[in-house]
Amino acid sequence: MYKILKRKGGLFLALMTVLLLWGVQAQAVVDGIEGTTFNLVAMQDYISAPDGDSILMWGYAHNDGNPGTLDRMQYPGPTLIVSQGDTVTVNLTNQLPPAHGQNVSIVFPGQVVDTSGSSAGAVDGALTKEAPPDGLNFVSYQFEATHPGTYVYRSGTRPDLQVEMGLVGALIVRPTGGVTPPLESRAYSPPFKLAYNHADTAYHYEYLYLFTEVDVNIHRLVEDGRIAEVDTTVWFPVHWFVNGRAFPDLLQAPFHPFFPTQPYNCVPQTHPFETVLIRVIGAGRQLHPMHYHGADFSVIAVDGRMLSSDGGAAGPDLAWQASTINFTPGQTADFLWEWTGAEIGYDIYDHAPGDAPLVGYEYTPDNGGTYPDHTVNFPVILAERDDLAFGQFWSGSPFLGAMGDLPPDHPGLNSGGAYFFPWHSHSEKELTSNDVFPGGALTFIILQHPTTPIP
Ligand SMILES: [Cu+2]
């Protein structure tokens, strides 16, 4: 039995505008594997970084032959999605090249883990049982998912090296409480779901923000068979990843063929008045001040525990509001974000002054009133001529390259007229990838018009 207890200047905006409007695709769900038994394999492979680099990684693979999963290592590991009360089994085998001499393991902070189902050749490690690099012996980690929430899982074997190398992932426990949120609903809104067992944790869309860093020098040494020379006390990361990709790669679709070992993206989308749940994981070694433009958010839980004064019945009454949150190494948090435009004084649905509100799209707050018609059109500000580029932007390069034609059937650039709010690290160096700007921990939340469906 094992227990572990602002906006920037014109150039920036022009760059962003050009880059972000290409082919943005997202899913309003957290990609991952649902179930109660997961067979993970530690493997070695490469990821790509936006500077064109190819970086050797170790990661957890989930090979079950089903669509939506990979049969090779992925970075980060597969997001494991379970339900509260489930007995969860994660079996781990180790197919890292034996020459590295690395056992591997998984620790599940917040869960009480039993490894008694492991094979006889599993090895006792410093923190938990480990799988030797023979591809045969396995460790069976079993726990009951007692509390809903957002959790990290990661290697418990030399984590300074193995987490850096990519052996990390997310665990999501969904609540079983069948509470119907007594909240307003609108014609365009999908049904509410709950993050925790309380109506005040209801959301329409959820997204994962799993933050990691990479010091390429460590990966080069491993690639060269020089693990003995790795010194993680002189660690100096030059890549910052959200869900295993950096800007602009994280705007591409999940499971995009450009990124065969980096399946997850990070493109939050919502409509006005709908609620977004962000699941935050500090999976690396640094603090990251992540900054969410457009509206303050409300932190409703930390480390898989709702911020409640009475253990849950009062809901997240101790939630706190902010525009920036530190991703703390080893910590998770959940927050809710909603954009209403309530205080900007414009009609956000592009109707002319005096027009009747769009039926089904008007905001009806909980107090029974309706959102006022400001009779002021939302202003449209055209970019300065010098900030514009002419023609079509896509060149096949992830960065601004030569002009080229959009591919056939491309829907055009921001055809829905959405607003884009940057969501980014406020540690400015983290907006680079190996000293190339823009890159790193930068993405956008896309505020779609109500008539634009969000997949
Ligand atoms: Cu900012």
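Which side chains meet in a salt bridge at 2.6 Å, N to O? This note on a predicted model takes up that question in its third point, after an overview and a look at one strand.

1. Overall make-up. The secondary structure of this predicted protein model comes to 3 helices and 26 strands. Of the 455 residues in the protein, 55% are buried, and the accessible surface comes to about 18,900 Å², with 54% of that surface belonging to carbon and sulfur atoms.

2. Strand S15 and its neighbours. Strand S15 runs over residues 205-214, and because 10 of its 10 residues are buried, this strand is largely enclosed by the rest of the structure. In a regular strand, the side chains alternate between the two faces of the sheet. In S15, Tyr205, Tyr207, Tyr209, Phe211 and Glu213 point one way, while Glu206, Leu208, Leu210, Thr212 and Val214 point the other way, and the residues on both sides are all buried. S15 pairs with strand S18 (residues 275-282) in the parallel sense, over 7 bridges, and within this pairing Tyr209 has Val280 of S18 as its bridge partner. With strand S16 (residues 239-242), S15 pairs in the antiparallel sense, over 4 bridges, and here Glu213 stands opposite Trp240 of S16.

3. The salt bridge asked about at the start. The side chains in question are those of Arg174 and Glu206, which meet in a salt bridge at 2.6 Å, N to O. The pair links distant parts of the chain, since Arg174 belongs to strand S12 (residues 168-174) and Glu206 to strand S15, 32 residues apart. A student may wish to see why Glu206 is called buried: its relative accessibility is 2%, and so it counts as buried, the cut-off being under 20% relative accessible area.

4. A second salt bridge and the network. The side chains of Arg279 and Asp334 also meet in a salt bridge, at 3.9 Å, N to O. Arg279 lies in strand S18 and Asp334 in strand S24 (residues 332-338), so this pair ties together parts that are 55 residues apart in sequence. Both Arg279 and Asp334 are buried. Arg174, Glu206, Arg279 and Asp334 are linked in a network of salt bridges, and the count of salt bridges for the structure comes to 9.

5. A salt bridge with partly exposed partners. Glu229 and Arg226 are joined through their side chains in a salt bridge of 2.9 Å, N to O. Glu229 counts as partly exposed because its relative accessibility is 45%, and Arg226, at 35% relative accessibility, likewise counts as partly exposed.

6. The copper site. Which residues coordinate the copper ion? In this model the copper ion is coordinated by the NE2 atoms of His293 and His424, at 2.0 Å. His293 lies in the loop between strand S19 (288-292) and strand S20 (297-302), whereas His424 lies in strand S25 (residues 419-425), so the pair ties together parts that are 131 residues apart in sequence. Both of these residues, His293 and His424, are buried.

7. An exposed loop residue. Is Phe236 buried or exposed? Phe236 has its place in the loop between helix H3 (216-223) and S16, and because its relative accessible area is 58%, Phe236 is exposed. The C-alpha atoms of Phe236 and Val214 are separated by 8.1 Å, although the two residues are 22 residues apart along the chain; Val214 itself is one of the buried residues of S15.

Note on methods
Residues are numbered from 1 along each chain as its sequence is written. This is a predicted model: local features need pLDDT of at least 70, side-chain atom pairs count only at pLDDT 80 or more; totals for chains, interfaces and linings use all residues. Side-chain values use heavy atoms; hydrogens and water are left out. Donors are N, O and S atoms within 2.8 Å of the metal (3.2 Å for Na, K and Ca); water is not among the atoms, so sites may look incomplete. Helices (H or I, at least four residues) and strands (E, at least two) are DSSP runs, numbered from the N terminus. Buried means under 20% relative accessible area, exposed over 50%, partly exposed in between (1.4 Å probe, protein chains only). Two strands pair if DSSP finds at least two bridges between them. Accessible areas come from the Shrake-Rupley method with a 1.4 Å probe; for residues, only the protein chains shown count as cover. A salt bridge is a side-chain nitrogen of Lys or Arg within 4 Å of a carboxyl oxygen of Asp or Glu.
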